[in-house]
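Thanks for coming, everyone. I'll put the model up first and then walk through it bit by bit.

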Amino acid sequence: MIPVALLAAESAAPAPFALLPSLIAVPVLTAVFIALLPANRGDFAKAAALVGSTITGAISLFVLAVFEKGDPGFQLVSQHSWVSSLGLSWILGVDGISLFLVVLTGILFPIAIVTTEAHHEPKPYYLWLMLLMAGSMGAFLALDLLLFFLFFEVVLVPMYFLIGGWGHGERVKAAMKFFLYTMAASALMLVGIVSLAVLVGRETGVPTFDVRVLAENSDVLSHTAALLIFLSFATAFAVKVPLFPLHTWLPDAHTEAPTAGSVILAGVMLKLGTYGFIRFGLYLLPEIAHELAWIFLTLGVVGIVYGAAVATMQKDLKRLVAYSSIAHLGFIVLGVFAMNAQGLTGAVLQMVNHGVSTGALFILVGWVYERRHTREIALLGGLQGVAPIMAAVFTVVMLSSIGLPGLNGFVGEFLILLGAFSSARWWAVVGVSGVILAALYLLWAYQRVFHGPVSGDNEKMSDLKLSEMFGIAPLIALIIAMGVYPKPILDRIEPSVDALVAHIGQRVDGFSEQEPEPVAPAGVDELIATAEASGHGGEAEAQEAEEGAE
Amino acid sequence: MVDVIVFAVAGLIVLAGGLGVVLNSNPVRSALSLVASFFGVAVLFVLQEAHFLALVQIVVYAGAIVVLFLFVIMLLGVDEVEDLSIEPLSGQRIGGLLAGAALLVFLLGGLFLSGGDEGAVAVTGTESVTQPIDETQPNIDNLATDLFGRNVLAFEATALLLTIATVGAVVLVRNAGAEDLSVDEPGRADH
Amino acid sequence: MIALVAQDTQTVALPGPPVVWSLLWPFLILAVGGVLLVTVTSVVPVLRGRSFPAAFTCLTALASGLSLIPVWQRVDRLDLVGGTIGSGTEGPRSLVSGAYAVDGFTVFVTGVICVSVFLTALLLDGYLRREGLDGPEWYVLMLMSASGGVLLASANDLIVSFLGLEILSIAAYVMAALHLRRAESQEAGFKYFVLGALASAFFLYGIALVYGATGSTTLQGIFAAGPNAAGLDPRTDSSLILAGMALLLVGFAFKVSAVPFHFWAPDVYQGAPSPVVAFMASGVKVAGFAGLARIFLYAFQPYWADWRPAIAALAVLSTIVGGLLALAQRNVKRMLAYSSINHAGFMLLAIHAAASPDDGGQRGAEALLFYLLAYTVMVTGTFGVATIVGGRGDGRHDLDDYRGLSRSNPLLAGVMAILLFSQAGVPFTSGFFAKFRVIGALASDGSYALGGAAMLAAVISAVLYLRIVVSMFLIDNGEAHEADHEAVDAVAGGRAAPEAEGDTLVEASPEASVLTSVRAPAPTALLAVCLAAAVTLVLGLLPDLGGGILSDAASALLLAG
């Protein structure tokens, strides 16, 4: 039924049916369907949301399957004119950079729906989640700058309602802060987008927001214009990431949001910022991105150290995870602005990794909260004894977040540091400290929450239910699989990253001089192989063994 | 030259009448000052050779409208003398004076400093800057041609305006009559 | 046509100007409809009931709207008979000896006014039933006011503009005061009247000065008197023209409530009956903008470099002040008044861009027209919801009166949320594309700083929409005030909302707190707000109206340039 509706929208696509539009349309249709359900049947709403998001997830996996491995360009492009008088068109496409973010979105949503419950008013809750899914998909798929902005902005509304309606504590304040922060930051981006299109359109004669056209012709801009436009973009993305001085909305939003909201916020929505930096910063305006790279490298590194340091001091488990996100996103920014193949590949991979492991962490924290009605680290303790399976799962996820070799976190962080080391050595050196700090705050938190004697209410805490285990199993599987054998993923990311680096090299004078040598796809794998061979690989297996034992 | 002198005298009458309307504490005197002002305007019309307009100005304004005013004043009580020492809104006279002075400066500047290279277009007393009125036809004919020709739409629109004014006036002074219904109080949620 | 008796008793035939009646229908239907309604209901008292006038008004608006279709087709084909100005392809095509312009712009604005009348008539129906008021006068005045608006938008002569403005305004003054049992309503009407009369005086004085400087009251004549030849500096050193333009601008700024001539708006919006406010904020304002755009973009086009900075200043002030002052309010109608001031700033920015001599001009005019349409629908719908929530007596307009609306009437809350988010400029609503078009036009014109300032002001004004949404959706218990105040503090840098007496709120169970009028609103009013929300969403998905209507209408406005 659904594909039929979409076939009408897509006339001549290379895919068997309108693959990419369906990633947006299925959740939207699901949301419409949910809206028509009776309000008192929350279980219907949840079932509908689950089915809709799973279908979308399956389509995203199908996209992954039909994705051409060696092709660096945009694939499965769906292009239609929409508002021709404004130059706005409906262009969707995936390349190696967005592919896995799309898949991540497709996977995280069903998992978030299955692992969490709406405590009241389930109908609007699932409706907003579905709209959020559509918006996130759209933002990652859009190849039209304005279309991207539409999706980039529209996701604020469902998220605002999710935090404000189903959150905890100061939820309304957190939701307001989240909405206004992000909207204020992207207000100027709209001016930047329009100015870019107008200025480029004046040269080329065709007003368009097509990213590909704009990227090819953005060298017609004067330096000042390009600088201002880049800054307007960068502000919007920096708030979304969030980069260090603009991060203050994040701990509140994360802490007060319902579990599913936190999962999606950390797993998907923060990536809009880093993805934006790559696609609409580096790709569109490489000269300025290169010129200002030092600022963002610095902010990224500050974010790493600051996020880690503040996380160490948190008393609230969820807040701790929120601050760890700032640190992890700092790593990704470091990789992006290293502006070489390893750094960017690592950054893209790390975006997926962070989505998987932080998403899993938030789910686990949510479960702890549901059982104990507190997230105070001091009030928890000895949970390992009463909830061994949860402890095991938590261990794996935590180690992935720390970046233990053999789990997914390591591959991304290693590549990022490698890339940063060759182009931005001193930043990389400082950044490495983040890895150590991550181990510190996460292990310490683990120790306080799960080890020690069981006390008070903690004794009565129940372990994971079977349904919960099934819910989180895909994430654990991904954590291990991506850590042990990342090659299939890297193979798909790298051609696009190489093309991007080549694009930057073409546009920026003297860019290639600072880069040691273009890294062939095989080179990265060798490096990883070397790293794994040097003794770390065993730990992952030991970890798996531990999990199995418990 | 005669034009200028007549203009100046008539202008002074208009201004004096206007001031009289505002400054007189007795409403009857105010109304009569208004008549003086209208007469001054009528003289100005004559100066522009708009004799019919001058007549209408006197018959309609000075005659009909001011008489109406006087009726109202008499009905309300002619002895009502307003105490000018009380300012309902403190500082409003100073404020009004300042605003008026500002507008005066603005307009005088506009009148005397305009013209650019061709020199100032100050008060000349000459006839209007539009094309001169067709002298061969009677004044009323000219007026009719203008009113029912070029400006017929504006003329008809005035009818609509008067209709609205009538409807509005009737509706507003009509006794509300209807019973008082219960009202949902703001900020209270319990009824 | 009209015979005069001359001195020598000889009859002189006075030929009236040629009139193409078919092109006047949209205006005539509204004006005659109003007159007819008052006549019929006076003669046949049976029809003074509540249903007939509402239905009659809706049908009149619909008929006027439909009669625009043939007019549009004829305008589009350029095959006009009757008086034309200039060479016929230049300047607005006009009727009745050049006093009434019929072009794409007129047709578009008339359509928007008809939309406003239609929606407001639906709202009025529910309102009058609830308030126990009767009388077709509300509808009569609205129809006549709308015809005045059409006249103002179509006027090709400053005299006609003035008459249109007066017809439009005087009816609106009376409507504002028409809820005779409510002192607030009378006070609002009086305030509106006094300040409106002041604005009219400015306007008339401006007309006199412009006439004095150019010797003409027709837009074409004023345009022709200007230095419009190529290569001339688009300025004037005639202070008479400058003073005239300034006074006209002040008059219009009052009408469209642009800062610093906005003081009447919050008081009047708060006091006047809510459906009337819906009409004042949409129809009256649209007509004001249409008149402003036509007079300045056409007649004063030769002097665009003189008046453009003034428009820009009014615009930026309106966007920012409108957004900031709204933060301190707790009365929803006041908040929406400030929001409409903010919107007025955006529309002035569109006019600013439309004055641009390069391609920003066309885009600016398109932005203005789209904004007018989107804004009319949004604001009518928003005040429609306010009408419903206002309850009997029309007094429940505090933020707290919106609490828990999402539970008591989810449909109403959803509709309001769509309209508010649209006003905030969230994508996939008409409000986004309205703002986007303005920003696009400003960028084409090179006024990037104005665009940036406007967008930041839009974010400030988003706070007020979010506060209403918070009340409707997110607050249902005692945390109401703290949360809301803190949220405002968070964005306004510690600026505290002045009211503190909110703590005395009565806590009641959600069921008990719901008024019947909110739980089961009048079906006509509900239909109106649902229509408004639907159109808002459709315009958000099809922002070019599915064709070249917008660009044709916009280029008609700019033909002079």
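Let's begin with how chain A folds back on itself. Of the contacts in chain A with a separation of 6 or more, 80% are between residues 24 or more positions apart. By contact I mean that two C-beta atoms, placed from the backbone, lie within 7 Å.

Quick housekeeping. This is a predicted model, where local features need pLDDT of at least 70 and side-chain atom pairs count only at pLDDT 80 or more, while totals for chains, interfaces and linings use all residues. Residues are numbered from 1 along each chain as its sequence is written, and chains are lettered from A and ligands numbered from 1 in the order in which they are written.

OK, secondary structure. Chain A comes to 24 helices and two strands; these are DSSP runs numbered from the N terminus, with helices being H or I of at least four residues and strands E of at least two. The strands are E1, residues 75–83, and E2, residues 88–94, and they pair in the antiparallel sense over six bridges. For pairing, DSSP has to find at least two bridges between two strands. If you want a register marker, A:Ser78 stands opposite A:Leu92 in E2(A). The two strands make a hairpin with four residues between them, and A:Gly87 in that turn has a positive phi of about 75 degrees.

Now burial. Of the 550 residues of chain A, 62% count as buried. Buried is 20 or more other C-beta atoms within 10 Å of a residue's own, exposed is 12 or fewer, partly exposed is in between, and the C-beta atoms are placed from the backbone.

Then the cores. A nonpolar core here is a set of buried Ala, Val, Leu, Ile, Met, Phe, Trp, Tyr and Cys residues joined through C-beta atoms within 7 Å. The largest has 460 residues, and C:Ala350, C:Ile351 and C:Tyr371 touch the most other members. Helix H8 of chain A, residues 171–204, gives the most to this core, with 22 residues. Apart from it lies another core, of ten residues, including B:Leu34 and B:Phe38. Going back to C:Tyr371, and skipping neighbours within four places in sequence, its contacts are C:Phe346, C:Met347, C:Ala350, C:Ala434, C:Arg437 and C:Val438.

Let me zoom in on one loop residue. A:Ser218 lies between helix H9 (211–217) and helix H10 (223–240) of chain A. So is A:Ser218 buried or exposed? A:Ser218 is buried, because 24 other C-beta atoms lie within 10 Å. Beyond four places in sequence, A:Ser218 touches A:Val200, A:Leu284 and A:Leu285.

On to where chains A and C meet. 31 residues of chain C are in contact with 25 residues of chain A. On the chain C side, the elements giving two or more residues are helix H16 (430–445), helix H17 (448–474) and helix H18 (480–492). H17(C) has the largest share, 13 residues. That side divides into 24 nonpolar, five polar and two charged. In that count, Ala, Val, Leu, Ile, Met, Phe, Trp, Tyr, Cys and Pro are nonpolar, Asp, Glu, Lys and Arg are charged, and the others, Gly among them, are polar.

One residue to click on is C:Phe428, in the loop between helix H15 (410–424) and H16 of chain C. With 20 C-beta neighbours inside 10 Å, C:Phe428 counts as buried. Leaving aside neighbours within four places in sequence, C:Phe428 is in contact with A:Leu150, A:Val154, C:Gly540 and C:Leu541. The C-alpha atoms of C:Phe428 and C:Val538 are 8.5 Å apart, with those positions 110 residues apart along the chain.

Last topic, confidence. pLDDT is the predictor's confidence in each residue, from 0 to 100. Chain A averages 84, with 89% of the residues at 70 or above. Among its elements, helix H1 (residues 2–9) has the lowest mean, 38, and helix H6 (residues 145–154) the highest, 92. Residues 1–13 of chain A stay under 50, and residues 532–550 of chain A are below 50 as well. Chain B averages 76, and 70% of the residues score at least 70. In chain B, pLDDT stays under 50 over residues 115–131, for which the model has 21 contacts beyond four places in sequence. Where pLDDT is low, the predicted coordinates should not be read in detail.
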